[in-house]
Amino acid sequence: KAWKQAKSTYYNQFFINVSSPSDPKTLWRVLKDKTFRNQNSNEIPCLITHKEHVTDIEKANCLNDHFTDNNVNFFSDQGPEKFPYDGPRPLLNSESLLFPSISGISINELDVCSVIKEIDQTKATGPDGIPGILIKTCAESLSVPLTIIFNRSIETGVFPDCWKVANVTPIYKKKGERTNPQNYRPISILSIFSKIFEKIINRD
């Protein structure tokens, strides 16, 4: 009885604290958790192509093939006429000649530190497992090595391989059969460091 009363008191106080419009995410997360609305809502059923994909590994490979084929088909359909550009070419490789060069950009520590401090620490952590709150807390210390890495990447035309890796989550499009892989789209979560780099480049 005492436990039930303590639990009731806790949630009553919790809802009072988070019921303001400024923090709707926390409120809805707890409501979904306690009402079981999100139970198994993201579970992917058996997928059907030319055969059935039942286990988690089979479903993951099936969706990976689908997402990969879509990307390959998209870029194979794009020719130079899709990306007209007569300026300097990038340093990466022959496959990247469709895009402008960024070799003239120079990044300083103040730019990096400023972008780090703008990080939304509530966003999901990337494959490296380094959370935004840690990066944000160490903004000034991290700005020095990151500036060196970013400038070196621009100079050499080489983007760190570990920043290309992403956690991919399949999301149902809410239309069509859930057993059809084509009715799913990928959501990719990259390393926060790669997002910082991207944001700085876009600013310049």
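This report describes the fold, the nonpolar cores and selected residues of one protein chain.

**Overall architecture**

The structure is a predicted model. Its chain has 204 residues, of which 25% are buried. The secondary structure consists of seven helices and four strands, and these follow one another along the sequence in the pattern α-α-β-β-α-α-α-α-β-β-α. Among the contacts with a separation of 6 or more, 56% join residues that are 24 or more positions apart.

**Nonpolar cores**

The largest nonpolar core comprises 19 residues, and Ile 107, Ile 116, Phe 150 and Ile 196 have the most contacts inside it. Two or more residues of this core come from each of helix 4 (109–116), helix 6 (139–156) and helix 7 (192–203). Helix 7 provides the largest share, with six residues. Another core lies apart from this one; it has seven residues, including Ile 44, Leu 47, Phe 67 and Tyr 172.

**Packing of helix 6 and helix 7**

Two packed helices are described by the angle between their axes and the distance between the axes. For helix 6 and helix 7 the angle is about 65° and the axes are 11 Å apart. Angles of 65 to 115 degrees count as roughly perpendicular, and helix 6 is therefore roughly perpendicular to helix 7. The crossing of the two helices is right-handed.

On the side of helix 6, the contact is formed by Leu 142, Leu 146, Phe 150, Ser 153 and Ile 154. Helix 7 contributes Phe 193, Ile 196, Phe 197, Ile 200 and Ile 201. Sorted by class, the residues of this contact are nine nonpolar and one polar, with no charged residues.

**Selected residues**

The table lists the location and relative accessibility of four residues.

| Residue | Location | Relative accessible area |
|---|---|---|
| Ser 194 | helix 7 | 6%, buried |
| Trp 163 | loop between helix 6 and strand 3 (166–172) | 9%, buried |
| Phe 197 | helix 7 | 4%, buried |
| Lys 174 | loop between strand 3 and strand 4 (184–190) | 75%, exposed |

Trp 163 lies in a loop, and its contacts beyond four places in sequence are with Leu 146, Ile 149, Phe 150, Leu 190, Ser 191, Phe 193, Ser 194 and Phe 197. The C-alpha atom of Trp 163 is separated by 9.0 Å from that of Lys 195, although the two residues are 32 residues apart along the chain. Trp 163 counts as buried because its relative accessible area of 9% is under the 20% limit.

Ser 194 belongs to helix 7. Neighbours within four places in sequence aside, Ser 194 is in contact with Phe 159 and Trp 163.

Phe 197, likewise a residue of helix 7, touches Ile 107, Phe 150, Ser 153, Ile 154, Phe 159 and Trp 163 when residues up to four places away in sequence are not counted. Phe 197 and Ile 116 are 81 residues apart in sequence, with a C-alpha to C-alpha distance of 9.8 Å.

Lys 174 is notable for its backbone. Most residues other than glycine have a negative phi. Phi of Lys 174, by contrast, is positive, near 65°. With a relative accessibility of 75%, Lys 174 is classed as exposed because this value is over 50%.

Conventions:
Residues numbered from 1 in each chain as written. Predicted model: local features only at pLDDT ≥ 70, side-chain atom pairs only at ≥ 80, totals over all residues. Heavy atoms only, no water. Core = buried A, V, L, I, M, F, W, Y, C linked by side-chain atoms within 4.5 Å. Buried < 20%, exposed > 50% of the residue type's maximum accessible area, 1.4 Å probe, protein only. Axes fitted to C-alpha atoms, helices over the stretch in contact; angles between N-to-C directions. Parallel < 35°, antiparallel > 145°, perpendicular 65-115°, else oblique. Left-handed = near helix turned anticlockwise from the far one by under 90°. Contact = heavy atoms within 4.5 Å. Nonpolar A, V, L, I, M, F, W, Y, C, P; charged D, E, K, R; others polar.
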